[in-house]
Amino acid sequence: GSETAELVLVQVRKDDCSLRHVRELIFEYTQFLLDQKCDVGSFQDLEVELKELPGRYDPEHGGCMLVVYRSDSHYALGAQSVHRESVTCKDGTFKDADAIACVAMKALTTEEGVCEMKRLYVREPYRKLGLGGMLARAAVQQAKKMNKYTSLKLDTLERLPYAAQMYAKMGFRACAPYVPNPLGDAVYLELALPVRAPSGAPEIEEMARSLIKGRMVPNSEPPTPLSVSSLTQAYQLHSAISRAGEIVHGWKVGATNDAAVKRLGLSGPFRAPLFSPNVRRGPCPIAFEEIGLKLSALECEFAFRMAKALPPRQGRACVPSTAYTEDDVWECVECMMPAIEIAASRCPSKFPPSPETTPTLVADFGINGVLVLGQPIDKSLIDRTSLADATATISREGGGKGVSAEGKGSNVMGSPLTSLVWLVNSLSSDGITLEEGSVVSTGAAALLPPDHCPWGEKCTVKGVLGGLPAAAGEASISIELSEAP
């Protein structure tokens with residue numbers, strides 16, 4: 001049988017109890033290199049590195065070291081978590097796991113504004129689950145958040161072709177040797193990093209810190225009242241939240257039908273980043289305390305995961321010659337997933353949504369409480385031309401009665417794929433890359449309003465996508481909503 005395991009990436013710091021695990025992982029890493037006939041002792045300075053950990057990987061020195069644990073491991077409790085991700089594996093795969101994998105990043109002393117990825121290692125029982133890509137993406141995100149590096153470099157070996165393929169998918173390109181390496185098949189790679197200018201508005205940075213704090217403390221509003229006047233300012237706030245250290249797991253699209261656009265006083269859809277703690281793999285329990293203070297809706301959605309990055313194109317995305325087409329975007333899709341979004345806010349005073357309150361609600365993570373994803377359906381099993389006719393059902397059972405709502409893919413800008421293309425071009429026009437591995441939630445195909453889900457009442461919520469090819473299987477997802485213990 002199979003199970004879903006939630007993993008957490010922890011930032012290692014001085015005098016941290018996880019340093020012992022880091023040393024064990026790096027020692028195993030060197031043994032792995034020796035098995036690959038690498039003479040590591042002559043050029044890796046491993047003895048000094050192990051003695052001085054975290055040393056050059058300390059955030060104070062412009063670096064980071066991340067270790068992967070199960071989310072329920074006591075080693076993860078109280079630690080600084082930078083990312084959570086769920087993986088599907090055989091039953092019991094992570095039953096006795098302590099430290100599972102690691103990756104590190106440090107500043108290159110020989111090149112200004114350049115950092116280097118090091119020590120990416122996954123223990124053997126946990127390989128072939130996508131953890132290497134997860135670690136590499138997390139290291140890239142940490143380098144971006146420091147906002148002082150223009151490129152990230154690494155070296156790997158031709159004898160490890162799967163590593164080179166993974167880095168190529170992430171956008172790494174060959175570069176000149178930057179450190180001595182006695183191995184004849186060494187490969188040097190580089191990834192360009194954007195350096196974002198600060199918003200220049202101290203109130204934006206303050207509201208970002210306030211929003212993050214409000215999300216971390218159950219049942220609390222942001223300590224600083226939000227007052228956002230435009231979508232442009234809301235998007236600046238999203239960038240400030242990312243700069244403050246939150247990992248972007250993907251994006252959501254909202255207001256994807258004419259009624260929602262009119263009610264919110266917009267001219268079209270809006271976008272918002274999905275930050276890592278708000279994205280889960282189902283089936284799973286969710287506590288009301290986790291999602292905010294005001295429930296907006298329960299939604300069944302079509303979600304996509306990207307196999308390739310889509311970087312900004314030159315020129316304005318609204319110009320046909322530079323805009324991404326549906327063919328361009330579909331080529332970069334890895335899979336589709338059923339999803340349930342619990343739309344909720346930390347700003348109850350801004351309800352009900354109106355043209356005056358919309359910018360603030362978009363700034364508040366796009367009214368995203370939690371997004372729960374079902375099992376992926378490979379792109380090869382999907383007929384993209386029929387997504388408009390695919391059905392969506394959202395149902396709730398609890399309190400002695402059940403309610404449900406139905407819809408179609410056509411409720412989402414005519415087709416969920418149209419919503420995805422809109423997002424790609426919206427990001428492109430603002431100079432933002434839709435990263436490889438990103439999850440995109442395309443908008444409500446079926447929706448239950450808040451009066452059908454009383455706050456605090458235990459219930460089971462299920463989302464089902466229908467009208468898909470039989471080979472895709474049942475595309476469904478369920479969650480248990482309950483009060484926090």
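The exercises below, each with a worked solution, concern a predicted model.

**Exercise 1. The faces of helix α4**

Determine which residues of helix α4 (residues 161-169) are buried, how they are arranged about the helix axis, and what they pack against.

Solution.
- Step 1. Buried means under 20% relative accessible area. In α4, the buried residues are A163, M166 and Y167.
- Step 2. Viewed down the axis of α4, these buried residues fall within an arc of 95°, so they line one face of the helix.
- Step 3. Y162 and Q165 are exposed, on the other side of α4.
- Step 4. The packing partners of the buried residues are β5 (114-122), α3 (131-146), β6 (151-157) and β8 (186-192).
- Step 5. After α4 comes G171, which has a positive phi, near 105°.

**Exercise 2. The partners of β8**

Find how β6 and β7 pair with β8, and name a pair of opposing residues for each.

Solution.
- Step 1. β6 and β8 run antiparallel and are joined by seven bridges. Across this pairing, D155 stands opposite Y188 in β8.
- Step 2. Strand β7 (residues 173-174) also pairs with β8 in the antiparallel sense, over two bridges. Here R173 is opposite E190 in β8.
- Step 3. To connect this with Exercise 1, note that both β6 and β8 pack against the buried residues of α4.

**Exercise 3. The setting of R280**

Is R280 buried or exposed, and which residues outside its sequence neighbourhood does R280 contact?

Solution.
- Step 1. R280 belongs to strand β11 (residues 279-281).
- Step 2. The relative accessible area of R280 is 17%. The limit for a buried residue is under 20%, so R280 counts as buried.
- Step 3. With neighbours within four places in sequence set aside, R280 contacts E6, I286, E290, V370, L371, V372 and L373.

**Exercise 4. Cysteines and disulfides**

State how many disulfides the structure holds, then examine C115 and C453.

Solution.
- Step 1. The structure holds zero disulfides.
- Step 2. For C115, the nearest cysteine sulfur is that of C64, 8.5 Å away. For C453, the nearest is that of C459, at 4.2 Å.
- Step 3. A disulfide requires sulfur atoms within 2.5 Å. Neither C115 nor C453 is in a disulfide.
- Step 4. C115 is buried at 0% relative accessibility, and C453 is buried with a relative accessible area of 2%.

**Exercise 5. The five-stranded sheet and L481**

Give the strand order of the open sheet of five strands, locate its edges, and describe the surroundings of L481.

Solution.
- Step 1. The order is β12-β21-β20-β17-β18, and the pairing is mixed.
- Step 2. β12 (284-287) and β18 (401-408) are the edge strands, each pairing on one side only. From one strand to the next, the twist averages 20°.
- Step 3. Within the sheet, β20 (residues 459-466) and β21 (residues 475-482) are antiparallel partners over seven bridges. C459 stands opposite L481 in β21.
- Step 4. Residues up to four places away in sequence are not counted here: L481 touches I286, F288, L298, I342, C453, E457, K458, C459 and V461.
- Step 5. The largest nonpolar core has 78 residues, and L481 is one of those that touch the most other members, together with L298, M336, I394 and L468.
- Step 6. A second, separate core has 64 residues, including V8, Y29, L46 and V87.

Definitions and conventions. Residues numbered from 1 in each chain as written. Predicted model: local features only at pLDDT ≥ 70, side-chain atom pairs only at ≥ 80, totals over all residues. Heavy atoms only, no water. Buried < 20%, exposed > 50% of the residue type's maximum accessible area, 1.4 Å probe, protein only. Helix = DSSP H or I, 4+ residues; strand = E, 2+ residues; numbered from the N terminus. Arc of directions from axis to C-beta. Contact = heavy atoms within 4.5 Å. Pairing = 2+ DSSP bridges. Axes fitted to C-alpha atoms, helices over the stretch in contact; angles between N-to-C directions. Core = buried A, V, L, I, M, F, W, Y, C linked by side-chain atoms within 4.5 Å.
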